[in-house]
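Here's a walk through one model, going from a single side chain out to the sheet and back to the loops. Have the viewer open as you read.

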Amino acid sequence: MNEPFKFKQFSVNQDRCAMKIGTDGVLLGAWTNIENNPESILDIGAGTGVISLMLAQRCFAEVMDAIEIDADAYEQCVENFELSPWGDRLYCYHAGLDEFVDEIEDQYELIICNPPFYSETVTSGNLQRDQARQNEFLPFNELLEGVSKLLTENGLFTTIIPFKEKESFIHMAADLGLFPKECLHVKGNPTAEIKRVLLAFSREEQECKTTELVIETDRHVYTAEYVDLTKEFYLKM
């Protein structure tokens with residue numbers, strides 16, 4: 001039951017994390033553009049640390065910081081970092097975004113966040129799981145305010161949110177001087193509705209490049225685009 005989740009170059013223990021590894025986080029870690037060779041990266045709400053680990057595999061950033069507010073998830077994230085081939089570059093802070101913003105002087109060239117995004121109150125009876133899933137614990141406006149303070153002038157911020165929240169999220173970001181640069185609409189299969197959207201923001205207003213990704217054509221029959229995006233990580237690809 002508590003076997004680590006094995007990727008091609010690293011493994012992730014997740015028995016103490018409320019939010020297990022899922023498609024959202026892996027998509028975000030694989031899709032985020034690193035062509036600018038960021039020197040400094042921040043992962044907000046790291047959970048197991050999987051997105052930071054994926055980026056450590058993909059790029060050579062010297063500073064790779066993560067923050068996680070939940071004590072169990074934080075300890076597990078630290079453990080996963082230490083067990084990985086990139087333990088010397090990865091560092092996790094046990095902090096919420098607001099206190100981190102108040103205390104940190106630095107800015108980051110790449111900020112990434114797979115946020116909790118159930119705006120409806122869901123109570124599973126497990127506070128830890130609810131915190132990981134519900135955005136009242138990190139509302140989008142607080143996330144964006146934090147990002148606007150922590151992002152360098154030419155930096156990039158990437159995230160994944162429900163498609164139905166897309167327009168309001170983009171408006172909130174624009175009010176803080178963050179503008180969409182790339183947008184990926186994600187569908188489970190060709191006939192499904194768009195459920196998720198991956199967004200990349202910069203401080204420069206520009207035409208937003210929008211593309212679509214379909215994950216499966218049939219149950220466990222993955223599209224070439226999805227395989228191409230995730231093949232550096234998933235063992236089965």
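Let's start with Gln57, which is buried at a relative accessible area of 16%. This is a predicted model, by the way, so everything here is computed from its coordinates. Gln57 sits in helix 2, which covers residues 50–58. What does Gln57 touch, not counting residues up to four places away in sequence? The contacts are Gln9, Phe10, Trp86, Glu232 and Phe233.

**The sheet**

Next, the strands. An open sheet of eight strands runs in the order 5-4-3-6-7-9-8-10, and the pairing is mixed. At the edges stand strand 5 (90–94) and strand 10 (209–214), each with a single partner strand, so one side of each has no neighbour in the sheet. From one strand to the next, the twist averages 15°.

At the strand 10 edge, strand 8 (residues 179–187) pairs with strand 10 in the parallel sense, over six bridges. If you want a spot to click on, Cys183 has Thr210 in strand 10 as its bridge partner.

Two helices are worth a look against this sheet. Helix 3 packs on the sheet and touches strand 4 (63–68) and strand 5, and its direction makes about 165° with that of strand 5. Helix 6 (residues 140–150) lies across strand 3 (40–44), strand 6 (108–113) and strand 7 (151–162), running at about 160° to strand 7.

**Helix 1 and the charged pairs**

Is helix 1 largely enclosed or largely open? It is largely enclosed by the rest of the structure, because eight of its nine residues are buried. Those buried residues are Asp24, Gly25, Val26, Leu27, Leu28, Gly29, Ala30 and Trp31.

Asp24 leads on to the charges. Side chains of opposite charge can pair when their charged atoms come close. The structure holds five salt bridges, and the table lists three of them, including the one made by Asp24.

| Basic residue | Acidic residue | Closest N and O atoms |
|---|---|---|
| Arg16 | Glu75 | 3.4 Å |
| Arg196 | Asp24 | 2.7 Å |
| Lys231 | Asp228 | 2.5 Å |

Take the Asp24 salt bridge with Arg196 first, with its closest N and O atoms 2.7 Å apart. Asp24 lies in helix 1 and Arg196 in strand 9, so the pair ties together parts that are 172 residues apart in sequence. Asp24 is buried, with a relative accessible area of 18%. On the other side, Arg196 belongs to strand 9, residues 194–202, and its side chain also counts as making a polar contact with the side chain of Asp24, at 2.7 Å. For a sense of distance, Arg196 and Gly49 are 147 residues apart in sequence and 21 Å apart in space, C-alpha to C-alpha.

Now for Arg16 and Glu75, a salt bridge with its closest N and O atoms 3.4 Å apart. This pair also links distant parts of the chain: Arg16 is in the loop between strand 2 (11–12) and helix 1 (23–31), while Glu75 is in helix 3 (residues 71–83), 59 residues apart. Both ends are partly exposed, Arg16 at 30% relative accessibility and Glu75 at 42%.

The last pair in the table joins Lys231 and Asp228 at 2.5 Å. Lys231 is partly exposed, with a relative accessible area of 32%. Elsewhere, salt bridges that share partners join Arg16, Glu75 and Glu79 into one network.

**Cysteines**

How many disulfides does the model have? The count comes to zero. A disulfide needs two cysteine sulfur atoms within 2.5 Å. Cys59 misses that because the closest cysteine sulfur, in Cys77, is 16 Å away, too far for a bond. Cys59 is also buried, at 5% relative accessible area. For Cys208, the closest cysteine sulfur is in Cys183, at 5.1 Å, which is again too far for a bond. Cys208 counts as partly exposed, at 26%.

**Two loop residues with positive phi**

Finally, the backbone. Asn37 is not a glycine, yet it has a positive phi of about 50°. Asn37 lies in the loop between helix 1 and strand 3 and is exposed, with a relative accessible area of 57%. His220, again not a glycine, has a positive phi of about 65°. His220 is found in the loop between strand 11 (216–218) and strand 12 (221–222), and at 51% relative accessibility it counts as exposed.

Conventions. Residues are numbered from 1 along each chain as its sequence is written. This is a predicted model: local features need pLDDT of at least 70, side-chain atom pairs count only at pLDDT 80 or more; totals for chains, interfaces and linings use all residues. Side-chain values use heavy atoms; hydrogens and water are left out. Buried means under 20% relative accessible area, exposed over 50%, partly exposed in between (1.4 Å probe, protein chains only). Helices (H or I, at least four residues) and strands (E, at least two) are DSSP runs, numbered from the N terminus. A polar contact is a pair of N or O atoms within 3.5 Å; within protein, one must be able to donate a hydrogen and the other to accept it, and residues adjacent in sequence count only if both atoms are side-chain atoms. A salt bridge is a side-chain nitrogen of Lys or Arg within 4 Å of a carboxyl oxygen of Asp or Glu. Two strands pair if DSSP finds at least two bridges between them. Axes are lines fitted to C-alpha atoms, for helices over the stretch in contact, and angles run from 0 to 180 degrees between N-to-C directions. Contact means heavy atoms within 4.5 Å.
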